[in-house]
Amino acid sequence: MYRVFYDSVLRHLPPEAAHRGAFWLIRAAAQVPGAAWAGQKALGSRDPVLRVRAFGLDFPGPLGLAAGFDKDGEGVLGLAALGFSFIEVGTVTARPQPGNPRPRMFRFPDERALVNRMGFNNHGAYALSARLRALRAQWGAQPGAKPVIGVNIGKSKAVPEENAVADYKASARVVADVADYVVVNVSSPNTPGLRDLQAVGKLRPIMIGVRDALDEGSPRRRVPLLVKIAPDLADEDIDAIADMALDLGLDGIIATNTTISRDGLADSAAVADAGPGGMSGAPLKQRSLAVLARLHDRTGKRLVLIAAGGIETAADAEARLAAGATLLQAYTAFIYQGPFWPHRVQRDLAARLRSGKMTSLLGPDGLAWDNSGMSEISSSNLSAVAVYCGSNLGSEPAYAAGAAALGRVLAERGIRLVWGGGQVGLMGSVADAVLGSGGQAFGVITQALKAKEVAYQGLAELQVVATMHERKAVMADAADAFVMLPGGFGTFDEFFEVVTWTQLGIHAKPCGILDVGGYFGALRTMLDAAVTAGFVRQAHRDMIIVDDDPGRLLDRLAAWTPVTVGKWLDRADR
Ligand SMILES: Cc1cc2nc3c(=O)[nH]c(=O)nc-3n(C[C@H](O)[C@H](O)[C@H](O)COP(=O)(O)O)c2cc1C
């Protein structure tokens with residue numbers, strides 16, 4: 001349907017007019033009482049497999065709207081209602097400015113690309129701040145859509161480079177308390193000299209200044225800070241920015257903005273007619289991916305990487321996640337593919353993640369968290385640890401690897417493993433892995449699992465117990481600590497069962513949660529329930545193990561350093 005509308009109406013309008021018209025429609029629809037709420041219910045990401053936690057924020061899914069579409073924050077509710085999991089507004093500048101003369105946006109539909117030289121047309125940071133403040137005040141009264149909102153800031157055109165730090169700081173200060181995160185944009189090709197600010201000698205003071213301004217503007221909440229880079233940087237410059245970001249403790253990098261290259265556009269006359277500007281869309285795909293991969297090589301999981309540039313399909317999205325992105329953004333594909341595109345991509349991505357190998361969406365929080373103050377847990381007072389396997393995972397290899405790691409560490413310390421669960425495929429592969437690690441395991445399994453006896457011949461003892469509650473009770477009796485491999489949590493039901501665990505007396509034992517699959521969002525929800533239910537206690541929380549990487553998990557377990565309880569749990573404890 002959108003195709004028909006696009007072909008019959010939108011493509012005959014000048015691109016910017018089409019954009020304005022479509023955006024007006026989105027905003028108007030969101031004004032209809034209940035529409036934004038209904039839209040988000042129908043189109044928003046609700047599959048737990050898609051949830052992401054990054055720089056301390058929870059995202060219902062990984063796909064957000066890239067900066068530039070909603071420069072002044074006028075349509076966030078409508079855009080979120082279409083299924084975007086977060087909205088980055090801006091770029092705004094400290095001073096309002098009109099941008100470049102029109103025409104300044106050009107379509108290349110055959111290549112699914114755009115060229116633009118908008119030049120940061122925007123109403124200014126103050127106006128944006130006031131608008132977002134009013135919106136947030138409204139949310140207090142309004143049920144439904146509350147998207148994560150990032151604010152992207154740039155340099156005012158009229159401000160000379162030597163005053164850039166002060167100009168960025170001015171924007172940062174006024175948006176600090178209304179932005180869920182802030183992005184410093186030094187990568188638009190459409191403000192003269194802007195991209196020169198990517199040289200670390202110039203970028204460093206800007207980032208330091210903006211950090212200070214955010215802390216001043218938002219003294220009670222630390223606002224995550226990211227930088228957005230161009231795809232046209234040389235490899236050494238990418239590395240230098242990555243190193244600087246780590247050095248300054250930035251929260252992440254967005255890779256990438258538009259390119260000045262025209263590679264991939266066939267019609268050279270149309271290219272010449274369009275003139276200067278940044279190219280976005282499909283032809284940018286490979287280069288943006290390469291920049292992302294390079295950043296990931298350099299920073300590992302120490303920074304949140306947000307991928308942007310030519311993301312069109314769920315396969316593209318998955319490829320970016322596999323290359324190290326935690327979150328994704330897009331603009332051009334939304335223009336060409338229409339209002340239901342964000343919903344489709346996230347829906348298809350969920351299906352891919354569930355069917356194939358599971359790509360972890362867990363952000364780097366696990367590493368970034370401050371674990372100081374966490375006491376070391378010594379294994380010496382443990383003689384047996386029960387590990388309960390959640391369901392839904394099939395033979396997820398990460399779980400098997402995590403379980404094997406756990407089994408190995410316990411075996412080395414002479415700790416008996418009490419192993420149980422209900423799911424055939426998972427238990428098969430995980431039990432094999434545990435036994436392969438040399439552990440002595442006491443199995444508590446179902447009749448159906450018993451039928452697959454071949455997988456359990458190495459178990460020292462085996463007890464067949466029919467119901468889940470009984471299995472857990474037997475395991476809790478036999479062990480002095482309890483570890484949960486949480487499983488898929490398609491519906492959260494499994495973990496809400498923790499409430500019943502309290503009735504089983506498991507809550508009297510230290511509890512660990514081994515999250516090797518990266519279901520962090522689910523884990524958090526569940527642990528909130530567990531804390532409320534009194535299942536996870538202050539004294540026991542150090543046992544909670546959250547990780548998504550069996551390799552790192554192994555290191556952690558080998559040291560039996562306990563590990564990563566996130567700040568959110570601290571919050572829950574207060
Ligand atoms: C018309 C247009 C305007 C844009 N304006 C901004 C902007 O103001 N700030 C910014 O950081 N990026 C801006 N971008 C870049 C996008 O946020 C994104 O990084 C880029 O287009 C690559 O993603 P895509 O291929 O999915 O469009 C703009 C892109 C387009 C097409």
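Colleague: What is the mean pLDDT of the chain?
Modeller: Keep in mind that this is a predicted model. In this chain, 63% of the residues reach a pLDDT of 70 or more. Averaged over the chain, pLDDT comes to 74.

Colleague: Over which residues does pLDDT stay under 50?
Modeller: Where pLDDT is low, the predicted coordinates should not be read in detail. One stretch under 50 still has 21 contacts beyond four places in sequence, and that is residues 391–395. Another has 54 such contacts in the model, and that is residues 487–508.

Colleague: Which helix gives the most to the largest nonpolar core?
Modeller: That core holds 112 residues, and V175, V182, V227, I253, A255 and L305 touch the most other members. The top contributor supplies seven residues: helix α6, residues 164–175.

Colleague: And which residues does V227 contact, leaving aside its neighbours within four places in sequence?
Modeller: V227 is among the core members that touch the most others. With those sequence neighbours set aside, its contacts are V183, V184, V186, M207, I241, A245, L250 and I253.

Colleague: How many residues are in the second, separate core?
Modeller: Its members include A386, L417, M475 and A479. The full count for this core is eight residues.

Colleague: Which elements give two or more residues to the shell around the ligand?
Modeller: The ligand is surrounded by 28 residues, the closest being A66, G68, S280, Y331 and T332. By class, the shell has 12 nonpolar, 14 polar and two charged residues. The elements you're after are β4 (86–92), β6 (113–116), β11 (278–281) and α12 (332–337).

Definitions and conventions: Residues are numbered from 1 along each chain as its sequence is written. This is a predicted model: local features need pLDDT of at least 70, side-chain atom pairs count only at pLDDT 80 or more; totals for chains, interfaces and linings use all residues. A nonpolar core is a set of buried Ala, Val, Leu, Ile, Met, Phe, Trp, Tyr and Cys residues joined through C-beta atoms within 7 Å. A residue is buried if 20 or more other C-beta atoms lie within 10 Å of its own, exposed if 12 or fewer, and partly exposed in between; C-beta atoms are placed from the backbone. Helices (H or I, at least four residues) and strands (E, at least two) are DSSP runs, numbered from the N terminus. Two residues are in contact if their C-beta atoms, placed from the backbone, lie within 7 Å. A residue is near a molecule or strand if its C-beta atom, placed from the backbone, lies within 6 Å of it. Ala, Val, Leu, Ile, Met, Phe, Trp, Tyr, Cys and Pro count as nonpolar, Asp, Glu, Lys and Arg as charged, and the others, Gly among them, as polar. pLDDT is the predictor's confidence in each residue, from 0 to 100.
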